[in-house]
Amino acid sequence: MKSLNFIGLMGGLVLSLVCIDQTVMAAGKAPVYNVIEVKDGGSIVGTVKLDGGAPAAKMLKIDKDEQVCGHGQKASEELVINSGNAGIRYAVVSLDKIEAGKAMDTTPVTLDQKECVFAPHVVAVCAGTEVNLLNSDNIMHNLHSWSIRNPAFNEGVSGNGKMVKKFDMPEMVKITCDVHKWMNSYLVVKGNPYFAVTDADGKFKIDNVPVGKYEISVWQEKLGKKTAEVAVAAGGEVVADFAYQKK
Ligand SMILES: [Cu+2]
């Protein structure tokens with residue numbers, strides 16, 4: 001019986017490994033993207049809002065390195081709502097299925113750790129971009145990337161130090177500081193250049209889109225994903241607004 005149990009266990013393990021492998025493979029199925037000259041492309045603009053009133057910001061308890069991080073509490077940036085127009089900041093709007101268009105912009109970007117907060121809270125880049133990971137504080141921070149398709153790292157970064165990492169694979173990467181448990185951010189790596197992170201008014205613009213119909217998606221870390229259809233006309237500007245409902 002023992003050996004049968006053992007065989008059963010091994011079989012289960014093999015099955016689990018196969019399942020994990022298939023999950024990774026499925027996640028790795030990014031559409032191929034071809035760079036073409038975009039003639040008379042159009043733009044997509046819009047606002048991402050929260051209907052039903054803004055909830056009070058979640059407060060983060062600061063209980064370490066208070067001389068740098070501040071005393072008491074900080075407002076979480078997991079859901080930042082503009083009190084004027086209900087716009088949501090740090091939502092990522094993208095055309096994930098587009099197969100051809102403008103060139104990828106791989107200009108390096110910066111993700112800072114400042115006063116014990118990641119700044120900005122959400123960064124979106126094209127695959128192949130180098131990210132300058134700064135520590136602008138004079139205390140030790142850590143950079144822990146919860147990545148699967150890109151090489152994961154979990155390294156300390158000394159006060160006023162810097163680390164450079166390149167992200168070659170499309171993936172949503174949560175990045176945390178394991179020294180200060182309230183610190184987190186999202187680095188969104190995309191396989192094409194048609195994306196934008198909403199600004200403080202919840203607004204976005206995606207430009208130089210080839211004429212055609214597309215699926216457009218928005219992702220927000222607390223509210224999830226929404227998808228719509230959009231038709232881009234030559235030289236035109238089409239509006240794609242999104243509204244989440246307050247939970
Ligand atoms: Cu930290």
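I began with one pair of residues: the bridge partner of V93 in strand 18 is A196. This is a predicted model, in which local features need pLDDT of at least 70 and side-chain atom pairs count only at pLDDT 80 or more, while totals for chains, interfaces and linings use all residues. I number residues from 1 along each chain as its sequence is written.

**Strands and the overall count**

I looked up the secondary structure next, and the chain has 2 helices and 23 strands; both are DSSP runs numbered from the N terminus, helices being H or I over at least four residues and strands E over at least two. Of the 247 residues, 31% count as buried, where buried stands for 20 or more other C-beta atoms within 10 Å of a residue's own, exposed for 12 or fewer, and partly exposed for what lies in between, with C-beta atoms placed from the backbone. I also noted that residues 24 or more positions apart make up 65% of the chain's contacts with a separation of 6 or more, a contact being two residues whose C-beta atoms, placed from the backbone, lie within 7 Å.

**The sheet that holds V93**

I returned to strand 7 (residues 92–94), which pairs with strand 18 in the antiparallel sense over 3 bridges; strands pair if DSSP finds at least two bridges between them. Both belong to an open sheet of 4 strands in the order 18-7-20-21, with antiparallel pairing. Strand 18 (195–197) and strand 21 (224–232) stand at the edges with a single partner strand each, so one side of each has no neighbour in the sheet. Neighbouring strands here are turned by 20 degrees against each other on average, direction ignored, with axes taken as lines fitted to C-alpha atoms (for helices over the stretch in contact) and angles running from 0 to 180 degrees between N-to-C directions.

**A second sheet and the core**

I then followed an open sheet of 5 strands, ordered 11-17-16-13-14 and mixed in its pairing. Its edges are strand 11 and strand 14 (154–157), each of which has a single partner strand and so is left with one side lacking a neighbour in the sheet. Strand 13 (residues 141–146) runs antiparallel to strand 14 and is joined to it by 4 bridges, and in that strand 14 I found G156 opposite N142.

I asked myself which residues touch the most other members of the largest nonpolar core. In this core of 46 residues they are A91, V92, V93, V125, L187 and I206, and its largest share, 5 residues, comes from strand 11. Such a core is a set of buried Ala, Val, Leu, Ile, Met, Phe, Trp, Tyr and Cys residues joined through C-beta atoms within 7 Å. Neighbours within four places in sequence left aside, V125 is in contact with V109, V131, F167, L187 and V189.

**Backbone exceptions**

I kept in mind that most residues other than glycine have a negative phi, and that most peptide bonds are trans. D40, in the loop between strand 1 (34–35) and strand 2 (42–51), has a positive phi near 55 degrees and is exposed, with 11 other C-beta atoms within 10 Å. C116 also has a positive phi, about 65 degrees, and lies in the loop between strand 9 (109–114) and strand 10; with 22 C-beta neighbours inside 10 Å, C116 counts as buried. Finally, I found a cis peptide bond joining A119 and P120, with omega about -5 degrees, and I placed P120 in the loop between strand 10 (117–119) and strand 11 (122–126).
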